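Student: I would like to go through this model term by term. For each label, please set the value against the definition behind it.

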Amino acid sequence: MSALATTLGGTPMGKPLGFASVSSSALLGLTPHLVTVEVGCTRGPPLFQMVGLAAASVREARVRVASALCQLGVLLDAYAITVNLAPADVPKSGATLDLALALGILAALEHFPAERLDGLLVLGELSLDGSLRPMRGVLPQLHGTLGERLHTAIVPERNGAEAGLVTRGQVLLADCLNAVVEHLHGTRALQAPPRTTFNPQRPAGEVDLAQVRGQADARRAVEVAAAGNHNLLLVGPPGAGKTLLARALRTVLPPLTFEEALETTAVHSVAGILSAEEGIVQARPFRAPHHSVSEAGLVGGGSHPRPGEVSLAHNGVLFLDELAEFRRGALEALRQPLEDGQVCIARAQARASFPARPLMVGAMNPCPCGFAGQTQPGQLCRCSQHQLDRYRQKLSGPLLDRLDVHTPLPAVDVRALSRHVESESSESVRARVVAARERQLARWRSGVTSRRTNGELPLTELKRIAALDGESRQLLEAAATQLGLSARVREGAARGAHHCRSGGRACRTRTARLAGDPGADTRSTCARRDTLDGRERLDHAAACDAITSRCGASNGVSLELRLAGAPLLVFPRCRGHTRVLRAVNRQLVNAREFCAEGRQGLTTEHRTP
């Protein structure tokens, strides 16, 4: 033990009594920072002071700790206690340090040898009666701090399911302060949690894709978006089925892998929404915030950063219904997370980051009244041009660029609602999506790619798995020069050109008659195969030519993609080549996954209304 000074602020404090230190942890985002709780006690006037950049919730620990120690018969009225939370420049918040503080005081008062705290990580919030309450962020703190120096951790018993996921070190569970003291005395040993099992589940009580009547194009777009993790925008009049499709999207996604479940569990644990009974997220999250959500609520923030909705939907679905009604500042804050896959929150004293790779689905009406483009009686648009312009300006071009698939939904035909025709269920669609995802995961696990899905692949990796031939490369370079494409759009166009690699089958690409050019009816079969380092290479020049040449020809282009003769998705009246190329980029590369499943190929059609 080391001695404290015999005076404190000039006041005689008597003979030094003791000193002890215990290790705990403080979270900044998902990153745990090791905190050493140093406690010095001496007899004298009652005093309890704490230093080390502690927030109000940490300073209030003296009340909880004093009451919990009183339950053990330890009164602090005769002691002057000084607590230092090191390092002093790391912000501390929450009640995680309560148990460490109580054990440090008991060790400094020589209720048990202070050496028994060596190599021990202590986490827990104390109630006034001495019981331990469940806490946030157990999983990331244990994963980030247990190792050679700290080999054992004590956490609240009600966090046992979450602690059962930890494989490194030893984790012990305690239900109260007295149980921990008895364990340190050696009179009663604490028990380790049982291993938490991971059983990926399909979301219960969700809508099924079979409930969607009509809307073949939108159903196909949902399937493609799910297969490659492509962000999706649904535009249609009220009652067209946008919300139903968005909620059905979750049911066609593949089950969570264990790695994805751990990532999602860590975020939910920090946010405090993790189920204490399960201890791990078993199904892909679905988050649908109201359009009044603030910027901090959507992307995260606060003086002590917490994850927002975009991070809570990590590895799941983020559904923004009535997209144009969200605050522009909140929507613009999504641009960086959707591009980089993480949210970085910087504060004066701290910096936190959270993962953010959801499949974002936006739904909106085509105009304020919702009936733009409708011709049925009673559903005619009443909006002026000024209202239309203001409505569309709520969504910026850079944000729309990050929504890969734009799909318009027409009004549902009444006859489709009355017919008893069985639509394809989510189960059958899910089987195709799972097969496509498995091929992408196999490439990721083997180290061929650095991302799990096609929608996240950078251009350099696309070149490795499907190289462009010389003719296609020259075409893209010419298009970039003549149309003034940005670097992002050039990368997206190159990504789109890689869509036909079929893994052993010839993928047939047909470009239909280009509107306004009777001589442009060209049919090109990508049956020519070359070999480059053992990989199949297909000629995509015809597909690139169909996309690029038509994009620069008119502001009234309607682009339709067809796969195996079925509509894939439609981009109505695109205002220029940039949006078309950006929107077409990622879903085309995913088409080869469907081609490998025995589908007939991809058809690209351009037409003017």
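Student: How many cavities are counted here, and what makes a space a cavity?

Tutor: The count comes to 4 cavities of 30 Å³ or more. On a 1 Å grid over the protein atoms alone, a cavity is a set of points where a 1.4 Å probe fits but cannot get out. Points are joined across faces, edges and corners, and the volume is the space filled by probe spheres set on them. The model is predicted: local features need pLDDT of at least 70 and side-chain atom pairs pLDDT 80 or more, while totals for chains, interfaces and linings use all residues. Residues are numbered from 1 along each chain as its sequence is written, and side-chain values use heavy atoms, leaving out hydrogens and water.

Student: What is the volume of the second largest cavity, and which residues line it?

Tutor: Its volume is about 50 Å³. The lining (residues with an atom within 4 Å of a point) is formed by Q201, P203, R250, L253, P254, P255, L256, Q282, A283, R284 and R430. By class, this lining has 6 nonpolar, 2 polar and 3 charged residues. The prolines fall in the nonpolar class and the arginines in the charged class, because Pro counts as nonpolar and Arg as charged.

Student: R430 belongs to α17. How do you know that the length of helix α17 agrees with its number of residues?

Tutor: Helices are DSSP runs of H or I with at least four residues, strands are runs of E with at least two, and both are numbered from the N terminus. The expected span is 1.5 Å times one less than the number of residues. For the 20 residues of α17 (426-445) this gives 28 Å, and the end C-alpha atoms are 27 Å apart, so the two agree. After α17 comes G447, with a positive phi near 85 degrees. Under the same DSSP rule, the protein has 22 helices and 27 strands.

Student: Why is helix α8 called largely enclosed?

Tutor: Buried means under 20% relative accessible area, exposed over 50%, and partly exposed in between (1.4 Å probe, protein chains only). In α8 (residues 242-252), 8 of the 11 residues are buried, so the rest of the structure largely encloses this helix. They are K242, L245, A246, A248, L249, R250, T251 and V252. Their packing partners, by contact (heavy atoms within 4.5 Å), include α7 (216-228), β12 (232-235), β16 (317-321) and α17. Across the protein, buried residues make up 54% of the 609 residues.

Student: What makes a set of residues the largest nonpolar core, and which residues have the most contacts inside it?

Tutor: A nonpolar core is a set of buried Ala, Val, Leu, Ile, Met, Phe, Trp, Tyr and Cys residues joined through side-chain atoms within 4.5 Å. The largest has 48 residues, and L101, L103 and I105 have the most contacts inside it. Helix α3 (residues 98-108) gives the largest share of this core, 9 residues. Beyond its neighbours within four places in sequence, I105 is in contact with V39, F48, V65, L69, L76 and I81. A second, separate core has 34 residues, including L298, A324, A333 and L395.

Student: Is I273 buried, partly exposed or exposed, and how do you know?

Tutor: I273 has a relative accessible area of 41%, so it is partly exposed. I273 sits in the loop between α9 (258-271) and β13, and it touches H268, R287 and L312, not counting residues up to four places away in sequence. In space, C-alpha to C-alpha, I273 is 8.6 Å from R136, although they are 137 residues apart in sequence.

Student: And what makes M135 and A313 buried?

Tutor: M135 has a relative accessible area of 10% and A313 has 0%. Both values are under 20%, so the definition is met. M135 lies in the loop between β9 (132-133) and α4 (138-145); A313 is found in the loop between α11 (309-312) and β16. Leaving aside residues within four places in sequence, A313 touches P285, R287, L318 and P358.

Student: Which peptide bond is cis, and how do you know?

Tutor: The bond from A86 to P87 is cis, with omega near 0 degrees. P87 lies in the loop between β6 (79-86) and α3.

Notes:
1 Å grid on protein atoms, 1.4 Å probe; cavity = no way out; pocket = protein on both sides within 12 Å on 5 of 7 lines; lining within 4 Å.
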